[in-house]
Amino acid sequence: MIEGLELWSEFNVAMVGATAALAGLVIVASSVNIAEIVKTRSLTARLAAGIAALVLAIVGSGIGLVPNISPAWFGILLGFAAVGAGFFQVQATRAIFADHDPAAQAKLAKSVFGFLPIAAYVAGAVVIAVGHPTGLFLVATGCILAIVTGIVVSWVALVEVLR
């Protein structure tokens with residue numbers, strides 16, 4: 001058991017519920033304009049990465065609710081979840097830099113922004129896996145960043161479609 005993990009149970013319960021609801025809303029909102037969204041590869045990839053970040057927050061908080069999970073398993077599972085979300089962000093980054101539309105600007109900022117929650121989760125996973133409870137703060141930071149990036153990327157995708 002990770003020392004202090006039980007103190008995070010209310011946070012994890014709240015984050016599982018909030019991020020699951022938000023992910024559902026993003027998917028529903030996106031589906032309204034999906035025909036337009038899929039016309040732009042970078043927009044589709046960024047939206048997928050935003051949803052993957054929200055799923056990472058759901059999975060990370062859910063893993064934190066597993067009774068008596070060892071630090072090693074918690075870190076390993078978080079690491080796998082972060083790598084999975086990272087795959088989507090890598091695809092989004094490739095699509096962002098492949099977009100030659102003159103309106104496509106701030107490519108580096110768009111890419112780095114999507115990696116922030118993933119980096120926090122990876123750092124947290126490593127620190128937790130070695131048994132240090134401060135990794136829980138990194139994971140909480142990753143969760144909050146995933147919500148922020150998920151909201152921003154979703155908003156941008158929906159606004160871009162209507163431009």
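W8, F11 and F137 form one aromatic cluster. The exercises below concern a predicted model.

**Exercise 1.** Determine how many aromatic pairs the structure holds, and characterise the geometry of the pair formed by W8 and F137.

*Solution.*
Step 1. The structure contains three aromatic pairs.
Step 2. For W8 and F137, the centre-to-centre distance is 5.1 Å and the planes stand at 80 degrees. Planes over 60 degrees apart count as edge-to-face, and the pair of W8 and F137 is accordingly edge-to-face.
Step 3. This pair links distant parts of the chain: W8 belongs to the segment before α1 and F137 to helix α6, 129 residues apart.
Step 4. The ring centres of F87 and F88 are 5.8 Å apart with planes at 80 degrees, so this pair is edge-to-face.

**Exercise 2.** Classify W8, F137 and F88 as buried, partly exposed or exposed.

*Solution.*
Step 1. The criteria are under 20% relative accessible area for buried and over 50% for exposed, with partly exposed in between.
Step 2. W8 has a relative accessibility of 17% and is therefore buried.
Step 3. F137 has a relative accessible area of 53%, so F137 is exposed.
Step 4. F88, at 37%, is partly exposed.

**Exercise 3.** Locate A23 and T149, and identify their contacts beyond four places in sequence.

*Solution.*
Step 1. A23 lies in helix α1, which covers residues 9-32. With a relative accessibility of 7%, A23 is buried.
Step 2. Once residues up to four places away in sequence are set aside, A23 touches L54 and I58.
Step 3. T149 is placed in helix α6, residues 135-162. Its relative accessible area is 2%, so T149 is buried.
Step 4. With neighbours within four places in sequence excluded, T149 contacts A53, F113 and P117.

**Exercise 4.** Describe the overall architecture and dimensions of the protein chain.

*Solution.*
Step 1. The protein chain has six helices and zero strands.
Step 2. Its radius of gyration is 16 Å, close to the 15 Å that the globule rule gives for 163 residues, so the chain is as compact as a globular protein of that length.
Step 3. Along the principal axes, the C-alpha trace spans about 50 × 25 × 15 Å.
Step 4. Of the 163 residues, 42% are buried.
Step 5. Among contacts between residues at least 6 apart in sequence, 75% join residues at least 24 apart.

**Exercise 5.** State the composition of the accessible surface and the arrangement of charged side chains.

*Solution.*
Step 1. The accessible surface comes to about 8,300 Å², and 74% of it belongs to carbon and sulfur atoms.
Step 2. The chain carries 7 positive and 7 negative side chains, and the centres of the two sets lie 17 Å apart.

Notes:
Residues numbered from 1 in each chain as written. Predicted model: local features only at pLDDT ≥ 70, side-chain atom pairs only at ≥ 80, totals over all residues. Heavy atoms only, no water. Helix = DSSP H or I, 4+ residues; strand = E, 2+ residues; numbered from the N terminus. Buried < 20%, exposed > 50% of the residue type's maximum accessible area, 1.4 Å probe, protein only. Contact = heavy atoms within 4.5 Å. Rg over C-alpha atoms; globule rule 2.2 N^0.38 Å. Areas by Shrake-Rupley, 256 points an atom, 1.4 Å probe, with all protein chains shown as cover. Lys, Arg positive; Asp, Glu negative; His and termini not counted. Charge placed at Lys NZ, Arg CZ, Asp CG, Glu CD. Phe/Tyr/Trp six-rings, centres within 6.5 Å; stacked < 30°, edge-to-face > 60°.
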